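Please open the model in a viewer and follow the stops below in order. Each stop names what to select and then describes what is found there.

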Amino acid sequence: MTFNNKQTKLHAKQLTQGHRGTGFVLLAVSFIVAAAAGLLPFLHDFTAAQAVAVLPYPHNDFTPWAAQGIQVGIALLLVALTALLVAPLRVGREAWYFGGADARKRTRKRVMFWLQPRWALKAAWFVISLRVRKLLWAVLFFVPGGFLLGGTLWQAQQSNLDVALFVAAAAGGAILLLVGAGFYAATVQRYALVLPILAKQPRCKLRNAVQLSCARTNDNCAALLRYKLSFLPWYALCALVVPLPFVLPYLAQARACRHAELLRGGV
């Protein structure tokens, strides 16, 4: 499949016109909710301490196990709560942007649909599953370099390590990390279409969405990554804050346009 990046970006600019305000509000609300959800882990220690305090006294041999179980349970609960807060907005935003790229009318209903309990749970399931898959790939690609670099630094602290050996090992670990990062960034593009597929077909199953995403991105992961990296100057411009309302909706729409092209099988 071949794609014309210039035409895709031009199409994204055309779709952004007249919808920039709404698109930015969706992104801003998602960011605020995600930031608020990110504060939930700070409640972990306090909540766990209060829960442990209700354990019967005097403590017995099972008390430490019970306390640890409570902490793990609260951590899992907070993760689930975070997903329930963030995922529906994430998929709703995807539905809105992808709807435009897929030549469909963009309305508030596309976002509100995913805030319903049933669909919010499904959105959370998809988002969590994708995070787990990406985490496993990260372990595969980052562990070798991290192990070599971390082991070298630890060994240097524990004993006098030859300078040449230290530099060679540390450089090797850093290079492995960089190479792993490149392979990781390209590999996870295979999942780029899962949420667009869900947004387009809410009743689809996770397995089918993953299989279709992998099939459509097959042999195109590196090209998709290069396309997204071509927007780095735009992201750098966002560091000035003021351009955010103008730049971010265009970037989100440009990604949605490429995803729509991939799902259609190329042009």
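An angle between two helix axes counts as roughly parallel under 35 degrees, roughly antiparallel over 145, roughly perpendicular from 65 to 115, and oblique otherwise. This will be needed at the second stop. Please note that the model is predicted.

**First stop: the whole chain**

Display the entire chain as a cartoon. How many helices and strands are there in the chain? The chain holds 12 helices and 0 strands, so that every element listed from the N terminus on is an α. Colouring by burial comes next: of the 267 residues, 36% are buried. With the surface switched on, the accessible area of the chain comes to about 15900 Å², and carbon and sulfur atoms contribute 68% of that area. Among contacts with a separation of 6 or more, 77% join residues that lie 24 or more positions apart.

**Second stop: helices α6 and α9**

Select residues 117-158, which form helix α6, together with residues 206-217, which form helix α9. The two helices pack with their axes 11 Å apart, at an angle of about 50°. Are α6 and α9 parallel, antiparallel, perpendicular or oblique to each other? An angle of about 50° falls outside the ranges for parallel, antiparallel and perpendicular, and α6 and α9 are therefore oblique. Their crossing is right-handed.

Now show the side chains where these helices meet. On the α6 side, select W125, F126, S129 and R133; on the α9 side, select L206, A209 and V210. By class, this contact of α6 with α9 comprises 5 nonpolar residues, 1 polar residue and 1 charged residue.

**Third stop: the loop between α4 and α5**

Move to the loop that links α4 (63-101) and α5 (108-112), and select A103 within that loop. What is the phi of A103 near? The phi of A103 is near 60°, a positive value in a residue that is not glycine. Is A103 buried or exposed? Its relative accessibility is 74%, and since exposed means over 50%, A103 counts as exposed.

**Fourth stop: the loop after α9**

Return to α9 and continue into the loop between α9 and α10 (221-229), where D219 is found. D219 also has a positive phi, near 65°, and is likewise a residue other than glycine. With a relative accessibility of 74%, D219 counts as exposed.

Definitions and conventions. Residues are numbered from 1 along each chain as its sequence is written. This is a predicted model: local features need pLDDT of at least 70, side-chain atom pairs count only at pLDDT 80 or more; totals for chains, interfaces and linings use all residues. Side-chain values use heavy atoms; hydrogens and water are left out. Axes are lines fitted to C-alpha atoms, for helices over the stretch in contact, and angles run from 0 to 180 degrees between N-to-C directions. Helices (H or I, at least four residues) and strands (E, at least two) are DSSP runs, numbered from the N terminus. A crossing is left-handed if the near helix is turned anticlockwise from the far one by less than a right angle, and right-handed if clockwise. Contact means heavy atoms within 4.5 Å. Ala, Val, Leu, Ile, Met, Phe, Trp, Tyr, Cys and Pro count as nonpolar, Asp, Glu, Lys and Arg as charged, and the others, Gly among them, as polar. Buried means under 20% relative accessible area, exposed over 50%, partly exposed in between (1.4 Å probe, protein chains only). Accessible areas come from the Shrake-Rupley method with a 1.4 Å probe; for residues, only the protein chains shown count as cover.
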